[in-house]
Amino acid sequence: MSLDQSSRATVETLYVNHHTWLSGWISRRLNNSYEALELMQDTFINVITAGNATDIREPRPFLATIAGRLLAHRHRRQVLENAYLEALAVLPEDMMPSPEARLIAVEALQEIDSALDGLPRAVKSAFLLAQLEGLSYAEIAQRLRVSASSVKQYLTRANRQCFFALAA
Amino acid sequence: MSVVLKNAQMVGEAPIQAGLVISEAAADQAAEWLTLFMSGATTDDDRTRWQQWRTAHPDNERAWQHIEAVTARFKGLQGGAAYRSLMSTDKAKLDDRRKTLILLLGLGLTGAAGVAGSHSQSWHQLTADLSTGVGEQREWILQDGTRLMLNTASAVNVQFDERRRVVRLIAGEVRIVTAHGKKAAGRPFVVRTVEGTVRALGTVFTVRQQNGRTEVAVQESAVEIAPARSLHAVRVLMAGQHTSFSESEIAGSTETTEESVAWLQGRIIANEVRLKDFLAELGRYRRGVVRCDPAVADLRFSGVFPLDDVDDILALLPNSLPVRIRPRSRYWIMVEADPERI
């Protein structure tokens, strides 16, 4: 990525003036100094990537907004990962995926999770039961205590949203 | 401030490419076709019409290709685990769970008899799922006053009605301190595992689900063990005793060791234990894989360690044994012979 002279200077000023404050802001929300440091750096990387540092009027709210987003993102990933690994823990040893496969799985879960964001719980549940567990309309209808025609509506809606929110 | 918002939206979101090149109509139709295939009841006729739809317009074909590409994303996932994971981010789910817990506690305040009348159906089936993640330990107080503590990577279902109190151990290890008050009166308290049941006789005890066996240790009073497939094998286990049972038999009992209950104090105790066994035990508290080099598997050692940082415990091992720790990834750690010391 190429940075012109003025925006490089702006990012530098931004970093020099605010990185200590930002570290403190993140540390109050994240109980791990190593990860807090990483998140602080990611925040500045985001500023550089966006390439409009020169337009910033209020640096601290700006940085806090980005850092807050990254924190929420990280937290959601952790919720997904913990729940997945917890559920795997009850599997017999020979069915356990390798650590590498698990990392890939968590990435996929994260993408699917954000693609399904905003769908009602029943719609999301119907979609996942069909897609992940291969249940039929009738089985899903029974699980969710709704009619088979509702299941069909749910699936159409979720298929539309999920499949076209995800990049191929 | 508009800059702030614009930037905030860009963070952490993948660019959407496909939405730009596929028409809305084709996307809608592709989703409908997929829905039809999900019904599990497609006919040859459906498939012919689907083929026709695909060739009718390049957009249709692209939309379908997109669906196939995205479906691949689901393939590497363990279905049941992925389902639980994805549903866990649902806010409603978290709220539901909280409600169930409050319900459990609330039921206790009213007393079992008081609620059995008008809402009987829902109260009968009152069910709560409690669980802990890897490295986590937590304690709950149930509606009757019983204290239930879960060790690392454990899960139970709590099923209380006005006749019995059943805790179904799904995975891991649980410690029960039963209550004796009015709310407990006349309702037997049972921990159920795959292999059978452990009935509390006014007690403090721990139950651990192992591979094909259930381990029980009694700290106070006594429990009655009943394997699922043998009516004759019922036995009472007294305080200070430890045993394990399968579906059909109960092993001889031994004295409860300090090691087996150390987790209740957040510690792990090694008492002249083989390195391999110690690492297997330690692995319960740590996410990922800890492998032991066979060359050092049988080395024995002793020590008491706090469980709050398992990686610290691993890092300390070379102080007492001729081993070295080799991390292969964040998740995978190898404990192997240190060639300079063996």
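**Exercise 1.** Is A:G68 buried, exposed or partly exposed, and why?

*Solution.* The model is a predicted one, in which local features need pLDDT of at least 70 and side-chain atom pairs count only at pLDDT 80 or more, while totals for chains, interfaces and linings use all residues. Residues are numbered from 1 along each chain as its sequence is written, and chains are lettered from A and ligands numbered from 1 in the order in which they are written. Next comes the cut-off: a residue is buried if 20 or more other C-beta atoms, placed from the backbone, lie within 10 Å of its own, exposed if 12 or fewer, and partly exposed in between. Because A:G68 has 16 C-beta neighbours inside 10 Å, A:G68 counts as partly exposed. A:G68 is found in helix α3 of chain A, where helices (H or I, at least four residues) and strands (E, at least two) are DSSP runs numbered from the N terminus.

**Exercise 2.** Describe how the buried and exposed residues of α5(B) are arranged.

*Solution.* Begin with the length: α5(B) has 18 residues and reaches 26 Å from its first C-alpha to its last, close to the 26 Å expected at 1.5 Å a residue, the expected span being 1.5 Å times one less than the number of residues. Then list the buried residues, which are B:N60, B:A63, B:H66, B:I67, B:V70 and B:R73. Seen down the axis, these fall within an arc of 120°, so they line one face of the helix; the arc is that of the directions from the helix axis to the C-beta atoms. On the other side of α5(B), B:P58, B:E68, B:A72 and B:K75 are exposed.

**Exercise 3.** Find which helix gives the most to the side of chain B that touches chain A, and what covers its buried residues.

*Solution.* Two residues are in contact if their C-beta atoms, placed from the backbone, lie within 7 Å, and 56 residues of chain B are in contact with 56 residues of chain A. The helix that gives the most to this side of chain B is α6(B), with 10 residues. In α6(B), which spans residues 79–88, the buried residues include B:A81, B:A82 and B:S85, and what covers the buried residues of this helix includes α3 (59–88), α4 (99–115) and α5 (121–133) of chain A. As a last step, take A:Y84, which touches B:A81, B:A82 and B:S85 among others, not counting residues up to four places away in sequence.
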